[in-house]
Amino acid sequence: MTYKKIYLKKGKEESLKRFHPWVFSGAIHHADPDIEEGEVVQVMTANNMFIAVGHFQIGSIAVRVLSFRDIAIDDRFWHDRLLSAFVMRQRIGIADSPSNNTYRLVHGEGDNLPGLVIDCYGKTAVMQAHSVGMHVERMTIARQLMEVMDHRIENVYYKSETTLPYKADLGQEDGFIIGGSSDNTAMENGLLFHVDWLKGQKTGFFVDQRENRKLLEQYANGKKVLNMFCYTGGFSFYAMRGGAQLVHSVDSSAKAIDLTNTNVQLNFADDDRHQAFCDDAFKFLDRAENTYDLIILDPPAFAKHRGALHNALKGYTRLNMKALEKIQKGGILFTFSCSQVVTKDHFRNAVFTAAAMAGRKVRILHQLHQPADHPINIYHPEGEYLKGLVLYVE
């Protein structure tokens, strides 16, 4: 197939030679006329040599690379890439598990499909496009997904209203593009939960905390637990299964609190160990008594872009300082950052500063990260976004 071409400035192909999957707009010398946003293009060096093929988009990242080989981006391409992603999940024991039907099937650049996220919840796959090119291909991808997944998936829900560039003016609405189901109950490590793929954040559940929730369960026995930014209550019901003495879930969203209560009921009906509070995290911590000996801080991204980094680090420091001031002696703090622009060192320094300001002795027990179904392309270190620390506080 013949695609329109984009030509790089001299020397700007070096990152592509190292298989980095992005072409920035500043690296482009010129392009064929009338290239439309979302179109598949060939990327050529200044010497007119092919180097990559990918989706064109208006913005800082001008091309998201789909292949470094000169191939057609057709049904076979999508089938092979989706199959490769699924086989990897099978081989690491995440797909086809009797106790878990919740996992990320496609993680953008980590699965060599930049701009595409697919999460599986039981019989429903929730697909999210982060590029115009993936939006254009959504029906082709959905059909190939059904073929690859066979009987495992019956419905595909497309959820990209908030992830596509608003300037593209695509008029996208969320909804089922294949099938349809009112059953939004899924299972993670033997625990049940409702997925709010209609109005919830991300694809409806934070799949990336699965292994960290499982770790928390091991520490919960007999503890008084505070789950800040609880969203749908994932850490809360793991703590309850782990034998927590009490669990308090806090979120500023009333809808999140309703969903947390529903999910706790699914697993621990009429269990009076759990209470949920709709409140601001900082205000709740200010008023909280020093009774908690296990605290989880899993806030939404404090920094969406580099310009917000300084304020984000101040926010992480302030939040962790408040938790460290309140936690009982011998308590354990699970603290996270999901901001991509906040590096592991940035986050660790913010928590270090918080510990010093709180005047507490702190030891690191675990350094946490995203799970195996959120793989990081070795050529794309930007894909490592989730950072976490488990701290023992004296």
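These legends walk through a few close-up views of a predicted model.

Residues are numbered from 1 along each chain as its sequence is written. Because the model is predicted, local features need pLDDT of at least 70, side-chain atom pairs count only at pLDDT 80 or more, and totals for chains, interfaces and linings use all residues, while side-chain values use heavy atoms and leave out hydrogens and water.

**View A. Helix 10, end to end, covers residues 344-358.** Helices here are DSSP runs of H or I with at least four residues, strands are runs of E with at least two, and both are numbered from the N terminus. With 15 residues at 1.5 Å a residue, helix 10 should span 21 Å, and its end C-alpha atoms are indeed 21 Å apart. That expected span is 1.5 Å times one less than the number of residues. Just after the helix comes Gly359, with a positive phi near 70°.

**View B. Helix 10 has a buried side and an exposed one.** Phe347, Ala350, Val351, Ala354, Ala355 and Ala358 are its buried residues. They sit on the same side of helix 10 because they cover an arc of only 140° around the axis; the arc is taken from the directions from the helix axis to the C-beta atoms. Buried means under 20% relative accessible area, exposed over 50%, and partly exposed in between (1.4 Å probe, protein chains only). Look to the other side for the exposed Asp345, Phe352, Ala356 and Met357. What do the buried residues pack against? Their neighbours are helix 9 (309-326), strand 18 (331-337), strand 19 (362-369) and strand 20 (387-393), with contact meaning heavy atoms within 4.5 Å.

**View C. Strand 8 (residues 116-121) is largely enclosed by the rest of the structure.** That's because 6 of its 6 residues are buried. Leu116, Ile118 and Cys120 point one way, while Val117, Asp119 and Tyr121 point the other way.

**View D. Strand 8 has antiparallel partners in strand 7 and strand 9.** Two strands pair if DSSP finds at least two bridges between them. Strand 7 (residues 102-107) is joined to strand 8 by 5 bridges, and Val106 has Ile118 as its bridge partner. Strand 9 (residues 124-129) is joined by 6 bridges, with Leu116 opposite Ala129. The hairpin of strands 8 and 9 has 2 residues between the strands, and Gly122 takes a positive phi near 60° there.

**View E. Strand 1 (residues 4-8) pairs in the parallel sense with strand 4 and in the antiparallel sense with strand 3.** Strand 4 (residues 40-44) shares 4 bridges with strand 1, and Lys5 partners Gln42. Strand 3 (residues 28-31) shares 3 bridges with strand 1, and Leu8 stands opposite Ile28.
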